[in-house]
Amino acid sequence: MDKCGLHMGMASALETLCGQSYGAKQYHMLGIYLQRSWIILFACAVAMLSIYLFTSPLLVFLGQDPAICSVAGTIALWYIPIMLSSVCSYTLQMYLQAQSKNAIITYLAFLNLGIHLLLSWLATARFDLGLAGVMGSNIIAVWIPVFGQLVFVFFGGCPQTWTGFSSAAFADLGAVFKLSMSSGVMLW
């Protein structure tokens, strides 16, 4: 269930493509590459969804203790929004880093850290919500930087490279998919 390595590796292909386009002053291509990466990583996340949905029965089939399988299955279900956040999170970070817009990533990380610590403390120590509290605060924490980066990109933070959604994102997906999968497997 290591989505981090696979999704991060797949997103690292975007860093290569964006870096080349930015260096060649083909700024409009960065937004198109970002959209292509979203399509490819989202399709990968959907393909991996069955593992998360059927974690308990898979682990029981592999001979694990049913009590542990039940808890693992519950955690896996809570983990689905976290996996989906990585589709946007990793790609947005690569897109912004290719343009040397690291400050927004840093500011959102600090904001996220403070909110995550507060939510985790509230959920576990103050309200004693147990596993649901821990996973809920984690889900909120992983989506905060994603929403912040999306707002930054969509509302003028990258005027040269983000010109809106384009149907050009659906062209030449095969080449980007091959590069993404190669990068993903290498890092995984």
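## The largest pocket

Three helices, α4 (66-98), α5 (102-126) and α6 (130-157), each give at least two residues to the lining of the largest pocket. Helices here, like strands, are DSSP runs numbered from the N terminus, with H or I over at least four residues for a helix and E over at least two for a strand. This is a predicted model, in which local features need pLDDT of at least 70 and side-chain atom pairs count only at pLDDT 80 or more, while totals for chains, interfaces and linings use all residues. Residues are numbered from 1 along each chain as its sequence is written, and side-chain values use heavy atoms, with hydrogens and water left out.

Back to the pocket: α6 supplies the largest share of its lining, with five residues. The full lining is Ser89, Gln93, Ile105, Leu108, Ala109, Asn112, Asn138, Ala141, Val142, Pro145 and Gln149. Which classes do the residues of this lining fall into? Six are nonpolar, five are polar and none is charged. For that tally, Ala, Val, Leu, Ile, Met, Phe, Trp, Tyr, Cys and Pro count as nonpolar, Asp, Glu, Lys and Arg as charged, and the others, Gly among them, as polar.

The volume of the largest pocket comes to about 210 Å³. Rolling a probe the size of a water molecule over the atoms shows where empty space is left. In practice, a 1 Å grid is laid over the protein atoms alone, and a pocket is an open set of points with protein on both sides within 12 Å along at least five of seven lines; a cavity is a set where a 1.4 Å probe fits but cannot get out, and lining residues have an atom within 4 Å of a point. Grid points are joined across faces, edges and corners, and the volume is the space filled by probe spheres set on those points.

## The chain as a whole

Zoom out and you get seven helices and zero strands, so to speak an α-α-α-α-α-α-α run from the N terminus on, given how helices and strands are assigned. The C-alpha trace spans about 55 × 40 × 25 Å along its principal axes. The chain has 188 residues, and 40% of them count as buried. Buried means under 20% relative accessible area, exposed means over 50%, and partly exposed is in between (1.4 Å probe, protein chains only).

## A nonpolar patch outside

On the surface, Ile51, Leu53, Phe54, Leu58 and Leu77 form a nonpolar patch, with about 460 Å² of accessible area together. Patch members have over 30% relative accessible area and no salt bridge; nonpolar side chains (Val, Leu, Ile, Met, Phe, Trp, Tyr) are joined within 5 Å, and like charges within 9 Å. A salt bridge is a side-chain nitrogen of Lys or Arg within 4 Å of a carboxyl oxygen of Asp or Glu. The areas come from the Shrake-Rupley method with a 1.4 Å probe, and for residues only the protein chains shown count as cover.

Take Leu53 from that patch: you'll find it in helix α2 (residues 28-53). Leu53 counts as partly exposed because its relative accessibility is 44%.

## Two positive phi values in loops

Most residues other than glycine have a negative phi, and most peptide bonds are trans. Ser100 has a positive phi, near 60°, without being a glycine. Ser100 sits in the loop between α4 and α5 and is exposed, because its relative accessible area is 60%.

Asp172 also has a positive phi near 60° in a residue other than glycine. Where is Asp172? Asp172 lies in the loop between α6 and α7, and with a relative accessible area of 51% it counts as exposed.

## Pairs across the sequence

Leu179 is in helix α7 and is partly exposed at 32% relative accessibility. How far apart are the C-alpha atoms of Leu179 and Ala11? They are separated by 9.7 Å, with the two positions 168 residues apart along the chain. Ala132, in helix α6, is partly exposed at 38%, and its C-alpha atom is 9.4 Å from that of Thr74, 58 residues apart along the chain.

Other pairs are spread out. Gly19, in helix α1 (residues 3-23), is 52 residues from Val71 in sequence and 42 Å away in space, C-alpha to C-alpha. Thr161 is in the loop between α6 and α7 (173-187) and is buried, because its relative accessible area is 1%. Thr161 and Met186 are 25 residues apart in sequence, and their C-alpha atoms are 28 Å apart.
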